[in-house]
Amino acid sequence: METYPFTNQYVLKDSHFTKDDISVDITTATETFLEGKAAMFHGYPALIQEFQKQMDAELIRIPFFSQTSDEAFINMTPSLNIAFNKDLEKNPEKLDIALDVLDCMISEEGQKRIADGSGVISLNTDVPTMMKDVSGLEKEIQDNSVYIRYSAQKSFAASLKVVHGLLSGEMDEEKAYDTLCSVMNSKATGEKTTVNFEHEYSISLNDKNGRDAASSILTTVRNENNIQLALAPYYYFTSSIYEGECSSNRVALMTAKNSDTPLYLAKINGKQVYELVGNYLADFDSDFYVTNKYELPIASGMKIIVKDKENGFSLKSIAVNEKKIDKEKKYSILLTDITMSILKKLYPECEITQLKDTTLSSAWAAAMSKGQQPSAPEDYIEVEK
């Protein structure tokens, strides 16, 4: 039986996967592993090292399954993306400087700095000592059984289709492989315009350390649900909003659809809002904390004034409608999974309602499907030195 590196029927059968397993999100899968209910999970080396201490167990890193070791593959996602300006060809001196910078970036020290120090498999064969933190994969790397993951929306859709086919028994390996190739090589069908954006908003930090595109998206979703305030992590917002015609596909790419979050509603007073934002900034949760200005939250319906300190950030004040927030007044606030969990830890008795069948991505896409313009970005944050 010929096998392919991405999967095979014997593994699916022996591991007792079902069709429903494909829809399990990564958080649930990881929690199941930590609870001892799953034999494995997909993670990165630094997380494995953390779990070894947490579980007091020796965790083993394994390559992708196959029937023979010669066909075992390791999935690799490079953390280094480089682009040189073509104009450098006209200036040899600047080109030499750029190449020197590139040499530093792909060196052992450079890659360790980029990858935060440990658990790195280098694609540069000149730095083999990086393997000391990722033992057990030497043979696969020596045999060059490594591939770089190709991340594209079409590849995700194609993979989902063939894995469903294998799990349901509708496809054997050969048919799955042919289907994958067929979907990947298919021409894109014409998509109708969903909305014609009249304004352009950037996802990059502005001069007050806010993100205009993220602010526009969150404010749109907040207004659609008739909620006064909103607070969300920065990483759910992934793209700028560009002026001109935009399809539903492109609208979906403006939020992190693959790691989407449910939306929650709470009604809390101004004092609780203040403590929620303050604790978000102040390393309240060991699983999440703000380390630099790029990780500051996105707020809507309120403006937060943040103090930049040597060891992090602290909340200085919050304004609603250009007035200091009323500590006694009740406010409705829209939350995501992280902000909801922080509020729940602060006030366990607080009533929090999940907006059923609604996520940040689906709410944003639904609003834009009406052809309306998104809400304008708000002046929601300011960082003081």
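**Exercise 1. The nonpolar surface patch**

Identify which residues make the nonpolar surface patch of about 330 Å² in this predicted model, and place I60 in the chain.

*Solution.* Step 1. The patch is made by M40, I60 and I62.
Step 2. I60 is located in the loop between α3 (45-55) and β1 (74-76).
Step 3. The relative accessible area of I60 is 68%. Exposed residues are those over 50%, so I60 is classed as exposed.

**Exercise 2. The negative surface patch**

State which residues form the negative surface patch, and decide whether D100 is buried, partly exposed or exposed.

*Solution.* Step 1. The patch consists of E93, D96, D100 and D103.
Step 2. Helix α4, residues 92-105, contains D100.
Step 3. D100 has a relative accessible area of 48%. Buried requires a value under 20% and exposed a value over 50%; D100 is therefore partly exposed.

**Exercise 3. A salt bridge within a helix**

Determine how E275 and K271 are placed relative to each other in the helix, and how their side chains meet.

*Solution.* Step 1. Both residues belong to helix α11 (residues 270-281).
Step 2. E275 and K271 are 4 residues apart, which corresponds to about one turn of the helix.
Step 3. Their side chains meet in a salt bridge with an N to O distance of 3.0 Å. Side chains of opposite charge can pair when their charged atoms come close.
Step 4. E275 is partly exposed at 27% relative accessibility, and K271 is partly exposed at 42%.

**Exercise 4. Salt bridges and a network**

Find how many salt bridges the structure holds, and explain why the pair K208 and E382 ties together parts that are far apart in sequence, 174 residues in number.

*Solution.* Step 1. The structure holds 11 salt bridges. Among them is the one between the side chains of K37 and E35, at 3.5 Å from N to O; K37 is exposed, with a relative accessible area of 65%.
Step 2. In the salt bridge between K208 and E382, the closest N and O atoms are 4.0 Å apart.
Step 3. K208 lies in the loop between β3 (193-197) and α9 (212-224), whereas E382 lies in strand β13 (residues 381-384); the pair therefore ties together parts 174 residues apart in sequence.
Step 4. K208 is partly exposed at 29% relative accessibility, and E382 is partly exposed with a relative accessible area of 27%.
Step 5. Salt bridges with shared partners join K208, K303, D379 and E382 into one network.

**Exercise 5. Strand β11 and its partners**

Establish how many residues of strand β11 are buried, and in which sense, parallel or antiparallel, β4 and β6 pair with β11.

*Solution.* Step 1. Strand β11 (residues 330-335) is mostly covered, with 5 of its 6 residues buried.
Step 2. Strand β4 (residues 229-232) pairs with β11 in the parallel sense over 3 bridges. Here L231 stands opposite L335 of β11.
Step 3. Strand β6 (residues 262-269) pairs with β11 in the antiparallel sense over 6 bridges. Here K267 stands opposite S332 of β11.

**Exercise 6. D337 and Y264**

Give the helix in which D337 has its place, and the separation of the C-alpha atoms of D337 and Y264.

*Solution.* Step 1. D337 belongs to helix α12 (residues 337-346).
Step 2. At 25% relative accessibility, D337 counts as partly exposed.
Step 3. D337 and Y264 are 73 residues apart along the chain, and their C-alpha atoms are separated by 7.7 Å.

Methods: Residues numbered from 1 in each chain as written. Predicted model: local features only at pLDDT ≥ 70, side-chain atom pairs only at ≥ 80, totals over all residues. Heavy atoms only, no water. Patch = residues over 30% accessible without salt bridge, like charges linked within 9 Å, V, L, I, M, F, W, Y side chains within 5 Å. Areas by Shrake-Rupley, 256 points an atom, 1.4 Å probe, with all protein chains shown as cover. Lys, Arg positive; Asp, Glu negative; His and termini not counted. Charge placed at Lys NZ, Arg CZ, Asp CG, Glu CD. Helix = DSSP H or I, 4+ residues; strand = E, 2+ residues; numbered from the N terminus. Buried < 20%, exposed > 50% of the residue type's maximum accessible area, 1.4 Å probe, protein only. Pairing = 2+ DSSP bridges.
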